[in-house]
Amino acid sequence: VMFFMGSLHAQQSSEDIKSLLLERDQQIKELVGPEGTSYTDQQRDKMKEIINGVIDFEAMSKEALATTYDTISTDKRDEFVDLFSTIVRDQSLNNLDIYRAEVTYRDITVEGDQARVETLATLKNVRTPVNYEMHFKNGEWVITDMEIDDVSTAGSYNRQFQRIINQKGFESLMNSLRKRAERA
């Protein structure tokens with residue numbers, strides 16, 4: 001039992017989180033390559049996989065829908081998570097330059113199975129704070145939200161989604177997401 005608890009604690013250290021993110025960053029940089037690189041569909045799919053592979057889309061979806069998440073059926077939740085993840089994955093390739101940034105880790109705070117990672121991304125002399133909210137789930141660290149320049153990804157989607165839900169209803173939001181996911 002002592003060995004298992006020690007092993008679990010070791011898996012939840014700030015160094016493990018930093019290693020995970022550094023490895024992911026290096027993989028992305030290798031795939032993105034220098035400015036002006038063109039990509040095959042296979043390379044774009046691989047980038048989407050690596051960029052988004054550590055995101056817990058279910059947790060981010062729950063945050064994006066807030067209280068609405070608990071009021072919809074399991075089938076609707078599953079469809080929402082699928083649509084939402086498709087859209088976020090597609091948007092992750094809109095500006096590949098951001099993945100060329102030099103990343104400095106400023107602080108990693110771990111409290112139990114929750115962590116906050118504060119970084120500074122520097123690209124072409126522009127410094128942008130990029131922070132991650134993370135959760136230890138199923139034996140690994142996953143991202144539940146990202147803040148870019150102090151703007152929460154889940155919070156931003158929440159504002160958009162709640163506005164649509166309040167004005168037109170949840171089904172209108174789903175129809176809009178279906179159309180966006182088709183374009184992705």
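The following exercises, each with a worked solution, concern a predicted model.

**Exercise 1. Two helix pairs**

Determine how α6 is oriented relative to α7 and how α4 is oriented relative to α5, and state which residues make each contact.

*Solution.* Two packed helices are described by the angle between their axes and the distance between the axes.

Step 1. Begin with helix α6, which spans residues 153–168, and helix α7, which spans residues 170–183; their axes come within 7 Å and cross at roughly 130°. An angle over 145 degrees would count as roughly antiparallel and one of 65 to 115 as roughly perpendicular, with the rest oblique, and α6 and α7 are therefore oblique to each other.

Step 2. On the α6 side the contact involves Gln160, Phe161, Ile164, Ile165 and Lys168, and these meet Phe170, Ser172, Leu173, Leu177 and Arg180 of α7. Sorted by class, the contact of α6 with α7 holds six nonpolar, two polar and two charged residues.

Step 3. Turn now to α4 and α5, whose axes lie 9 Å apart and which pack at an angle of about 100°. Since 65 to 115 degrees counts as roughly perpendicular, α4 and α5 are therefore roughly perpendicular to each other.

Step 4. Helix α4 brings Phe57, Glu58, Met60, Ser61, Ala64 and Leu65 to this contact, while α5 brings Phe80, Val81, Phe84, Ser85, Val88 and Arg89. The residues of the contact of α4 with α5 comprise eight nonpolar, two polar and two charged.

**Exercise 2. The largest pocket**

Describe the volume of the largest pocket, and work out which residues and elements line this pocket.

*Solution.* Rolling a probe the size of a water molecule over the atoms shows where empty space is left.

Step 1. The largest pocket holds about 810 Å³ of space. Its lining is made of 30 residues, and those nearest the centre are Ile98, Tyr99, Val130, Met146 and Ile148.

Step 2. Elements that give two or more residues to the lining include the helices α2 (14–32), α3 (41–52), α5 (74–91) and α6, together with the strands β1 (102–111), β2 (114–123), β3 (126–137) and β4 (140–148). The largest share, five residues, comes from α2.

Step 3. By class, the lining of the largest pocket divides into 18 nonpolar, nine polar and three charged residues.

**Exercise 3. Positive phi in two loops**

Locate Asn138 and Asp149, and decide whether each is buried, partly exposed or exposed.

*Solution.* Step 1. Asn138 sits in the loop between β3 and β4, and its phi is near 55°, a positive value in a residue other than glycine. Exposed means over 50% relative accessible area, and Asn138, at 74%, is exposed.

Step 2. Asp149 belongs to the loop between β4 and β5 (151–152); although not a glycine, Asp149 has a positive phi of about 55°. With a relative accessibility of 48%, Asp149 counts as partly exposed.

**Exercise 4. Two helical residues**

Find whether Val32 and Lys62 are buried or partly exposed, and list what each touches beyond four places in sequence.

*Solution.* Step 1. Val32 is placed in helix α2, and buried means under 20% relative accessible area, so that Val32, at 1%, is buried. Leaving aside residues up to four places away in sequence, Val32 touches Thr37, Tyr39, Met47, Leu96, Tyr99 and Arg100.

Step 2. Lys62 is found in helix α4 (residues 57–65) and, at 44% relative accessibility, counts as partly exposed. Under the same exclusion of residues up to four places away, Lys62 touches Tyr69 and Asp70.

Step 3. From C-alpha to C-alpha, Val32 and Asp82 are 25 Å apart in space and 50 residues apart in sequence, whereas Lys62 and Phe170 are 14 Å apart in space and 108 residues apart in sequence.

Notes. Residues are numbered from 1 along each chain as its sequence is written. This is a predicted model: local features need pLDDT of at least 70, side-chain atom pairs count only at pLDDT 80 or more; totals for chains, interfaces and linings use all residues. Side-chain values use heavy atoms; hydrogens and water are left out. Axes are lines fitted to C-alpha atoms, for helices over the stretch in contact, and angles run from 0 to 180 degrees between N-to-C directions. Helices (H or I, at least four residues) and strands (E, at least two) are DSSP runs, numbered from the N terminus. Angles under 35 degrees count as roughly parallel, over 145 as roughly antiparallel, 65 to 115 as roughly perpendicular and the rest as oblique. Contact means heavy atoms within 4.5 Å. Ala, Val, Leu, Ile, Met, Phe, Trp, Tyr, Cys and Pro count as nonpolar, Asp, Glu, Lys and Arg as charged, and the others, Gly among them, as polar. On a 1 Å grid over the protein atoms alone, a cavity is a set of points where a 1.4 Å probe fits but cannot get out, and a pocket is an open set with protein on both sides within 12 Å along at least five of seven lines; lining residues have an atom within 4 Å of a point. Grid points are joined across faces, edges and corners, and a volume is the space filled by probe spheres set on the points. Buried means under 20% relative accessible area, exposed over 50%, partly exposed in between (1.4 Å probe, protein chains only).
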